Every structure is written in C-alpha cells, then in structure tokens.
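Me: I have a protein model open and would like to know what stands behind the words used for it. Could you go through them with me?

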Amino acid sequence: MQSPEQLAQIALEVAREAAELLMTGFRKHPVPTEKARADLVTDYDFASEHLIRERLAQLAPELSIVAEEEGGRSTTELTWYVDPLDGTTNFVHGHPFFCVSIGVLRAGVPVAGAVVAPALHTHWLAHGAGTSLRDGVRCGVSETDALVHALVATGFPSDRSQSPANNFESFTRIKRVVRGVRRCGSAAIDLCYVADGTYDAYWERRLNAWDLAAGAALVLGAGGTLSALDGGPADLSVGHVLVSNGKLHRPMLDALA
C-alpha cells in the first residue's frame with residue numbers, strides 16, 4: 001500500500017492532467033445539461049472524470065474510486081473521492097473559480113488529497129498530520145479570533161428554491177456578525193482557502209464526499225478544525241459541515257445553532 005504522501009502526489013499529478021483538459025474548454029461556452037435545476041453538467045465533467053479514473057487505475061489500482069458523475073462504491077480500506085469539475089456553473093459562465101479535486105478517505109476520514117484550480121494558477125496538496133501546501137509552500141490556517149474580524153464562506157444547494165435546508169437563514173445570521181461572507185461556487189476551493197488562511201471559516205449543507213475529501217484533508221493538515229454543524233464528528237457522506245481556523249469554531253457553531 002502506498003503512503004499518504006505518495007497518494008497525494010498521485011492525486012496532484014492526475015488532477016493537473018485533468019485540469020489541463022478542462023482549460024481547453026474554459027471560456028469556450030460549453031453547452032451544459034441540467035442534472036437538476038441549477039445543477040449543471042458538461043461534456044468536460046465526463047471527459048475529466050474518464051481521464052482521472054483511467055490514470056488512478058494505472059497509478060494506484062489497489063484503491064476503489066467514487067466520483068461525482070459515474071458514482072462507484074468504497075470497497076477498499078482507502079478510497080479515492082473525485083470531483084472532476086467542482087464549480088461547473090462557474091466553468092460554463094467563464095468564471096475562474098473551478099477546480100479538480102481528488103482526495104483519499106479511510107473509513108470516512110480524510111487522509112490525503114490535491115486540488116488544482118487551473119484558471120487561478122493555484123494548487124493545494126495535503127498528506128498526513130501537519131502537511132498542507134499551497135503551490136508547494138507550507139500553509140496554515142488564520143489567527144483570527146473574533147467573528148467581527150472574520151472573512152468566511154458558504155454555498156447553497158442546487159434545489160435551494162424548494163428545499164427547507166437551503167442555508168438562507170444561516171447566511172443571514174452569520175452575515176450580521178462577521179466582516180464578510182464570500183460565495184465562490186466551489187466547495188473544494190472554499191475549503192482550501194480556509195486551509196491557507198484566506199478564509200477564517202466555511203460552512204455548507206448537503207455536500208457530497210467528493211466535494212469535501214481533498215479540501216478537508218487540507219484543512220486538517222493546516223491545523224484547522226472540521227465538524228458537523230452541531231459540533232459533532234463530520235460525516236462527509238452527509239455533507240453538513242463547518243471548517244474553521246479552530247479559534248472561531250465555537251463562535252461559528254453558536255451563530256449557526
């Protein structure tokens with residue numbers, strides 16, 4: 001079995017290849033289809049996933065693969081969780097906040113991962129405790145210790161016009177007590193921005209494990225805190241999560257309660 005560091009390097013190598021593929025379609029007005037209202041998919045999502053599956057099977061055949069478009073099952077101790085194009089709506093509209101996210105989970109716990117945001121010319125890599133890198137340089141969470149000084153991020157589910165868990169009320173509450181709230185449209189990038197100290201915290205509801213696996217590894221490796229929205233252990237398959245620099249975790253939980 002390959003080490004977390006080796007798996008992280010594989011994730012980065014493959015994510016870079018997939019990101020290069022995505023850039024061939026960026027700002028070329030790809031025609032999307034709707035999986036659901038406001039939940040888009042393009043041929044580039046599928047092409048990226050096909051490339052990733054093929055390359056991961058070559059480089060780490062002992063791991064099972066679960067990915068957004070074609071699914072899969074976790075049947076091995078370590079499993080790849082892949083988002084071949086996180087931020088598809090941004091990609092379709094020519095907005096640069098999209099990425100490829102490849103993470104490894106062991107029994108639901110983040111072990112390693114890489115995120116490549118090609119239009120931002122930025123990548124992140126994590127493996128093991130205390131190792132998170134942005135563009136090859138070690139990064140860490142912020143030192144902000146008061147919500148009034150905090151810049152945080154969130155997102156909203158694609159069926160937000162109908163779902164009661166649409167995050168609107170939480171957004172309003174948090175917006176009142178922090179310096180600012182950002183919504184960039186890519187959960188993986190939001191997580192990475194907490195890991196590298198850009199954001200002080202990030203919360204969202206109803207994400208999937210492929211949205212979270214790599215970015216959660218980055219946050220934990222950078223010294224941050226990950227939990228469910230009630231403060232208990234995070235279940236990445238459910239996707240109601242809060243990540244923070246640690247110092248703001250309890251204040252954020254209280255504000256979200």
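Me: Happy to start with strand S12: what makes its two faces covered or open?

Reply: Both faces of S12 are covered, since Ala-201 and Trp-203 on one side and Tyr-202 and Glu-204 on the other are all buried. Buried means under 20% relative accessible area, exposed over 50%, and partly exposed in between, with a 1.4 Å probe and protein chains only. S12 itself is a DSSP run; strands are E runs of at least two residues, helices are H or I runs of at least four, and both are numbered from the N terminus. One caution: this is a predicted model, where local features need pLDDT of at least 70, side-chain atom pairs count only at pLDDT 80 or more, and totals for chains, interfaces and linings use all residues. Residues are numbered from 1 along each chain as its sequence is written, and side-chain values use heavy atoms, leaving out hydrogens and water.

Me: How do you know that S12 and S14 pair, and in which sense?

Reply: Two strands pair if DSSP finds at least two bridges between them. S12 and S14 have four, in the antiparallel sense, with Tyr-202 opposite Val-243 in S14. S10 and S12 also qualify, with three bridges in the parallel sense; there Ala-153 stands opposite Tyr-202.

Me: What makes S11 and S13 edge strands?

Reply: Each pairs on one side only. They end the order S11-S10-S12-S14-S13 of an open sheet of five strands with mixed pairing.

Me: Which residues is Tyr-202 in contact with, leaving aside neighbours within four places in sequence?

Reply: Contact means heavy atoms within 4.5 Å. Among the residues that Tyr-202 meets on this count are Ala-153, Ala-187, Leu-191, Val-194 and Val-243.

Me: Why is the set around Val-115 and Tyr-202 called a nonpolar core?

Reply: The name applies because a nonpolar core is a set of buried Ala, Val, Leu, Ile, Met, Phe, Trp, Tyr and Cys residues joined through side-chain atoms within 4.5 Å. The largest one has 35 residues, of which Val-115, Trp-124, Ile-189, Tyr-202 and Leu-236 touch the most other members. Helix H5 (187–195) is one of the elements supplying at least two residues, while the largest share, nine residues, comes from H6. Apart from this core lies another, of 34 residues, including Leu-7 and Trp-80.

Me: What makes H5 count as mostly covered?

Reply: Nine of its nine residues are buried, among them Ile-189, Asp-190 and Tyr-193. So H5 meets the description by the cut-off of under 20%.
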